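Colleague: I have a model open and would like to learn how to read it. Please take me through it feature by feature.

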Amino acid sequence: MSDRFSFAVNARDGQARTGVLQTMRGDIRTPAFMPVGTAATVKAMLPESVRETGADILLGNTYHLMLRPGAERIARFGGLHDFMNWQHPILTDSGGFQVMSLGPLRKLTEEGVTFASHIDGSRHELTPERSMEIQRLLGSDIVMAFDECPALPATEESVADSMRRSMRWAQRSRDAFGDRPGHALFGIMQGGVTRELREESAQALTGIGFDGYAIGGLAVGEGQEAMFGVLDYAPGLLPQDKPRYLMGVGKPDDIVGAVQRGVDMMDCVLPSRSGRTGQAWTRRGQLNIKNARHQDDPRPLDEDCTCPACRSYSRAYLHHVFRAGEMISGMLLTWHNLHYYQDLMGGLRDAISQGRLNDFIADFHAMRAGGDI
Ligand SMILES: CNc1nc2cc3c(=O)[nH]c(N)nc3c(CCN)c2[nH]1
Ligand SMILES: [Zn+2]
C-alpha cells in the first residue's frame, strides 16, 4: 500500500522487466495481466474468485458504466471499488475505443465524440474533460487519457491525423485530470504500424508527462507479426522508469512476446469471453470442451493446473454442463482461464527475476508443440 503512485523495476532480462506498481489500494506485480470487468463485474466470477486467481488489478470501462448505471450513481455508492466489492486497484479505460467499436450514430470532432447508447439509443458526448470527470467519479486508481484508436484498414495519413488529435486530447486529459495524489494518469501512444508516427506520439506524450504510458492502436486486426514489429521498438521510445501498458492483448503467446519486448501490463477479454464459449487455454495449447472427444475423458483440463475446475472436475463433466447450457460451465472455464493467465504471468515474473526468460519461453512453445491436449 502507498499513499502515492510509484513504479519500481526490480529485475531485467533482455528488454523484459519485472517490478512493482504501488498504488493506494495495493501493489501490482508486473508483468501484470488485468482481467476485464466491463460492467462492474468480471463476468461469471465473484470478485473474491478473481482475487484468488492471482489478479492484483482489474479493468473497468468508462463507456459502459457511463451508460449504465451512470458514473454519478456509482459515485453516490462510494465509487466503483465499493459498488462492485473489489478493494484492490482498478484501471479504467477512457471510452474512446469503446465508442468507436460499439456506439452507433457516432460523430467525431475536435471536441470529442457524440454517440447513441447501444443500450437505449440515448445521445451522449465524450470529451477528454468528461472522460476525466467520469473516471474521477468512478474512483479508479489508474485513469486512461481520452484517445481515438483508428479502425483498420486506414491510410497512413488518416492514422497520422488521428494520432495528432489523440495527442491534443492527451494534453486536455492531463489538464483536466489535475493533481490527484495517489491516482495515476496514463497517456496512450498511437501511430498505427508507422515508426515515425509512433516516435512522434511518444515524443508528444513524454513532453506532456504521465505516470505511465499505454501502447494503443494495436490488437485491432493487424496480426501478431505486425504487432510484434511495432513492439520491437515502441516500448523503448517510452520512459524506462514508467510502466508500459499494451492495450487489449491477448492470447498467451501474444502476452509472452509482448513481455519479452518490454511490456509491463496487459488486459484482454479473451480468457473470460472465450471461457464462456467453452474455450480452455492450457499449458499445452487450447481446446474447446464442447468437442465430443471430451465426453468420456476423466482427465482435468490441465493436469498441472490447481484451479477449482482442474482440482475437482473432469473434462467429461465440463463437456456435459456446457452441452446442457448450465451456468456452472461458464463459471468453471472462466475461472480456469483466468487462473492459467495469472499462472503464466507469475511464471514470466519469476523467469525474468532469475534471468532465465529465454528458457521459459522455449519451454512455453515446446509444451504447445506437443499436439495432444
Ligand atoms: C482488443 N484489442 C484492443 N486494442 C485496443 C486499443 C485501444 C486503444 O488504442 N485505446 C484505448 N483507450 N483502448 C484500447 C483498447 C481497449 C482495451 N481494453 C483496445 N483493445
Ligand atoms: Zn485449471
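**Reading the model**

Modeller: Start with enclosed space: the structure holds one cavity of 30 Å³ or more. This is a predicted model, where local features need pLDDT of at least 70, side-chain atom pairs count only at pLDDT 80 or more, and totals for chains, interfaces and linings use all residues. Residues are numbered from 1 along each chain as its sequence is written, chains are lettered from A and ligands numbered from 1 in the order in which they are written, and side-chain values use heavy atoms, with hydrogens and water left out.

Colleague: How is a cavity told from a pocket, and which residues line the largest cavity?

Modeller: Rolling a probe the size of a water molecule over the atoms shows where empty space is left. On a 1 Å grid over the protein atoms alone, a cavity is a set of points where a 1.4 Å probe fits but cannot get out. A pocket is an open set with protein on both sides within 12 Å along at least five of seven lines. Lining residues have an atom within 4 Å of a point. Points are joined across faces, edges and corners, and the volume is the space filled by probe spheres set on them. Here the largest cavity holds about 30 Å³. Its lining is Pro 150, Leu 152, Val 159, Gly 192, Gly 217 and Val 220.

Colleague: What is the volume of the largest pocket?

Modeller: About 830 Å³. It is lined by 37 residues, and Phe 97, Gly 248, Asp 267, Cys 268 and Val 269 are the closest to its centre. Helix α5 gives the largest share of the lining, four residues. Helices and strands here are DSSP runs (H or I, at least four residues; E, at least two), numbered from the N terminus.

Colleague: How do I read strand pairing, and which strands does β12 pair with?

Modeller: Two strands pair if DSSP finds at least two bridges between them. Strand β11 (residues 184-189) runs parallel to β12, with four bridges. Phe 186 stands opposite Gly 212 in β12. On the way from β11 to β12 the chain passes through helix α8 (residues 195-208), in a right-handed β-α-β crossover. Right-handed means that, with the strands pointing away from the viewer, the path from the first strand over the helix to the second runs clockwise. β12 also pairs with β13 (residues 244-246), in the parallel sense, over three bridges. There, Ile 215 has Leu 246 as its bridge partner.

Colleague: What makes a nonpolar core, and how many residues are in the largest one?

Modeller: A core is a set of buried Ala, Val, Leu, Ile, Met, Phe, Trp, Tyr and Cys residues joined through side-chain atoms within 4.5 Å. The largest has 88 residues, and Leu 231, Leu 246, Ile 255, Met 266 and Leu 348 have the most contacts inside it. Helix α14 gives the largest share, eleven residues. A second, separate core of 19 residues includes Phe 5 and Phe 186.

Colleague: Are Thr 334 and Met 327 buried or exposed?

Modeller: Buried means under 20% relative accessible area, exposed over 50%, partly exposed in between (1.4 Å probe, protein chains only). Both residues are in α14. Thr 334 counts as buried because its relative accessibility is 0%. Met 327 counts as exposed because its value is 74%. Contact means heavy atoms within 4.5 Å. Leaving aside neighbours within four places in sequence, the contacts of Thr 334 include Lys 43, Met 45, Pro 271 and Arg 276.
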